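Hi,

Here is the structure I promised to pass on. Have a look at it first, and my notes are underneath.

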Amino acid sequence: MDNEISTQPHGMADVEIQEWLESLDSVLESSGPEVAAEILERLRAHATVNGIDLPFTANTPYANTIPPRLEPLFPGDQELERRIKSLIRWNALAMVVRANRVEHNIGGHISTYASAATLYEVGFNHFFRARTEEFEGDTVYFQGHASPGMYARAFLEGRLSAQKLENFRRELKPGGGLSSYPHPWLMPDFWEFPTVSMGLSPLMAIYQARFNRYLEDRGMKAATDAKVWAFLGDGETDEPESLGAITLASREKLDNLIFVINCNLQRLDGPVRGNGQIIQELESAFRGARWNVIKVLWGSEWDPIFERDTEGLLVKRMGELVDGEYQKLVVSSGAYVREQFFGSDPRLLQLVEPMSDESLRRLRLGGHDPRKVYAAYKAAVEHKGSPTVILARTIKGYGLGEAGEGKNVTHQQKKLNEDELREFRSRFGIPLNDEDCIEVPFYRPAEDSVEIQYLRARREALGGYVPKRSIRSKPLAAEHDELFKEFLEGSEGREVSTTMAFVGMLRKMLKDGEIGKLIVPIVPDEARTFGMESLFRTAGIYSSAGQKYEPVDVNTLLYYKEAKDGQILEEGITEAGSMASCIAAGTAYATHGINTIPFFIYYSMFGFQRIADFIWAAADMRTRGFLLGGTSGRTTLSGEGLQHQDGNSHVLALPVPNIKAYDPAFAYEIAVIIQDGIRRMYKDGENVFYYITVMNEPYAMPAMPGNVKDGILRGMYRFRPAANAKAKLRAQLFGSGAILNEALRAQEILETKYGVAADVWSVTSYKELYNDGIETERWNRLHPGEKARVPYVTKCLADAPGVLVAASDYLKTLPNMISKWMPRRLASLGTDGFGRSEGRTALRDFFEVDSRFITLATLHELFVDGKVERSLLDKAIKDLGINTDKPNPVIS
Ligand SMILES: Cc1ncc(C[n+]2csc(CCOP(=O)(O)OP(=O)(O)O)c2C)c(N)n1
Ligand SMILES: [Mg+2]
């Protein structure tokens, strides 16, 4: 770590160093910091030219970035704000302690908020602007584990009742409770952003800030100075997503973005970097990424000591300690601090000579000093040209004393004994006597108290309360029948893939008078894969910088056009970042009151499998829009092999409660699903979003048969009935996606070669069918006296004779999970196992999902039912050329 200041290199005389420092001081005083910086820069260049090897460092010394002389005046009533903060501290602690008294192990966190209270309170009293009619407001991502502090504040603000606080983490109590962490799904009027799966919110915040600029550059909202604030833990920065997009933020010059990292040097188990310095590590990462870095390490009590230290000894000493040592100092006595920290050099000891042990112990850290925090926030909101990160040093469990302050166990401290409670009460001056306080009551001063008046006045001045979620967009008006009509008519024999069909729809949607502007196409460097390059020219690729170069393909029709008002978000190779954009666009109906409709199209294998937690967060946030899983299907994507061929995503979509997942086969099915989706989400305001897989296998798209719209949306419909419904041998074949064509071929083989009349069904969504089935079962169980309802699958198959065979390009579990609502046994074919680099024909043979295997499965079912002879199976195996000794795809 390069944070040392050499004070006596190679025996150089102190006096010489002193002269240099003094002349710099005088330049600073007479000409200001810019000139001083210029001189230093020139000196550095001069030194390099003259062969002086200066080591690279992205670090500054272990000191506050803002010196005391540049600190602004604190504009608030510091004492009053301290009292308010103390009350919030108390109530936050009370919530957790009370909840755990009632129900052992219900959990909750005290120490995270305890360390971050000042960081939040300065924000609440002076910076976070609410969303109002006139102003879009700041966007704040609160650290998930600090939620008790946010609830406790809302209680003082009169927004949450004591009853609600009492039911923290007990959401099922009468009258409702409070969710453990920020969850818009559970508290849709309060929380906006789920942050508790650590690492997601920093990345989401970056893309949110960028999306705000996108809306401005496209003229969809006025440019404002609204900020995106993200509060993170220092341990949280270990998650790769946390720092994964920081270069995007600086590249895009997102000076509307502020990270506040609460550096309490601890995570759950112990120190974040016991043997290093997390703050210096983060500083170099962010400075390297060209962020504006503001370190807030030391409180005002340190200023006079620094002042006395004309030799820079203190900064040097501070840079020497590793975080494990710092943590130890925090829990130690003043005498220990004097001996261990200052005792390393008699000159240091002399600096603190006049101070008592008690005042040494009370030297505050920067993150607990409102003046230092205010100075940092003010500098951050005024900074231009790059995002800012504030690295604020705090103590985890601040104020918990013996109960956990700075201790390794503090993260999980949920109970305080009587002495500890009294101690905490006294330390923060809560007006409760010794007896009352051990009951840990919630405490709110009278409405007309100065505290409540002040707190209300501050929030009023900042536009209202935060956090608060509301839906600010107006529903769309049109039905869009005209727009989608042509896609219901089929391709008249022309072979197209469902991807091409979708891109055609997208192109048309982009031209629509109502929704055209609202569409946000998002691609992670895969537009060409999906045949979307034609949109580059017409819609343009968004770039805040416009296009500073002449593209290499400028003379072609479909050149790579970047533009400041470009509509496509070409995110580069980041599914996580693209999903974060999709979330920002899909929640703009609430955040900005704008109904942007994201269409995020990506390689389906790199979706649910890779970024499922972001999709889960999107679901929590009531995100609207469409995820398009391109090149999908284990056997439909030929060539790419094990890592690319997706037979999983429809299974992985099952757990997300509000995502509707479709595996359509034909263009008209996609048109029906998208049109209905836009209506449900943006007209009727339903809290659902969509996953649609599209494929790259070309085939003729049929025209939509009559009366199937409802079936497409509900999950299945009879696409092609058997020619000879009176045949003796009957079957029902279920196909999805491109495998529907295999079922149709099997229908023909069965009819012409084996005299079996089969109906073919298109199953567009096993998830919809499954949800309908379990919902029907549940209703019947809870309403035994009423006429039993019938699952949709059962209704569909009521008059469908014969054996049942399903085939899809996904795991067999999909059809199996609905088989219990079918009238008879189901044979399921699917693509369980690892993919292979091969062509489609070979892959469908390998995974046993082609027309031959569907035929064999049908005949086998008829055989089991005693409808055909064994010899027919032998003959079929031979005729169809099936190798019965072939490897088992599931495990080979
Ligand atoms: C992705 C993820 N992994 C693990 C956890 C469990 N967890 C909750 S808080 C925590 C430690 C947090 O440390 P830090 O980020 O430093 O926050 P602090 O409480 O110290 O402010 C852990 C491991 C989680 N919430 N999310
Ligand atoms: Mg921490």
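Below is what came out of going through it, from the whole chain down to one helix pair.

Keep in mind that this is a predicted model. The protein chain has 892 residues, and 59% of them count as buried. Its secondary structure comes to 36 helices and 20 strands. Taken along the principal axes, the C-alpha atoms fill a box of roughly 105 × 75 × 55 Å. If you look at contacts in the chain with a separation of 6 or more, 78% of them come from residues 24 or more positions apart.

The helix pair I'd point you to is α22 (residues 498-510) with α28 (residues 667-683). Their axes lie 9 Å apart and the packing angle is about 40 degrees; angles under 35 degrees would count as roughly parallel, so these two are oblique to each other. The crossing of α22 past α28 is right-handed. On the α22 side, the contact is made by Thr-498, Ala-501, Phe-502, Met-505 and Met-509. Facing them from α28 are Ala-667, Ile-670, Ala-671, Ile-674 and Ile-678. Sorted by class, that contact has nine nonpolar residues, one polar and no charged ones.

On to the cysteines. How many disulfides does a search of the whole structure find? Zero. I also checked burial for two cysteines, where the cut-off for buried is under 20% relative accessible area. Cys-582 has 2% relative accessibility, so it counts as buried. Cys-796, with a relative accessible area of 12%, is buried too.

Cheers

Technical notes: Residues are numbered from 1 along each chain as its sequence is written. Chains are lettered from A and ligands numbered from 1 in the order in which they are written. This is a predicted model: local features need pLDDT of at least 70, side-chain atom pairs count only at pLDDT 80 or more; totals for chains, interfaces and linings use all residues. Side-chain values use heavy atoms; hydrogens and water are left out. A disulfide is a pair of cysteine sulfur atoms within 2.5 Å. Buried means under 20% relative accessible area, exposed over 50%, partly exposed in between (1.4 Å probe, protein chains only). Axes are lines fitted to C-alpha atoms, for helices over the stretch in contact, and angles run from 0 to 180 degrees between N-to-C directions. Helices (H or I, at least four residues) and strands (E, at least two) are DSSP runs, numbered from the N terminus. Angles under 35 degrees count as roughly parallel, over 145 as roughly antiparallel, 65 to 115 as roughly perpendicular and the rest as oblique. A crossing is left-handed if the near helix is turned anticlockwise from the far one by less than a right angle, and right-handed if clockwise. Contact means heavy atoms within 4.5 Å. Ala, Val, Leu, Ile, Met, Phe, Trp, Tyr, Cys and Pro count as nonpolar, Asp, Glu, Lys and Arg as charged, and the others, Gly among them, as polar.
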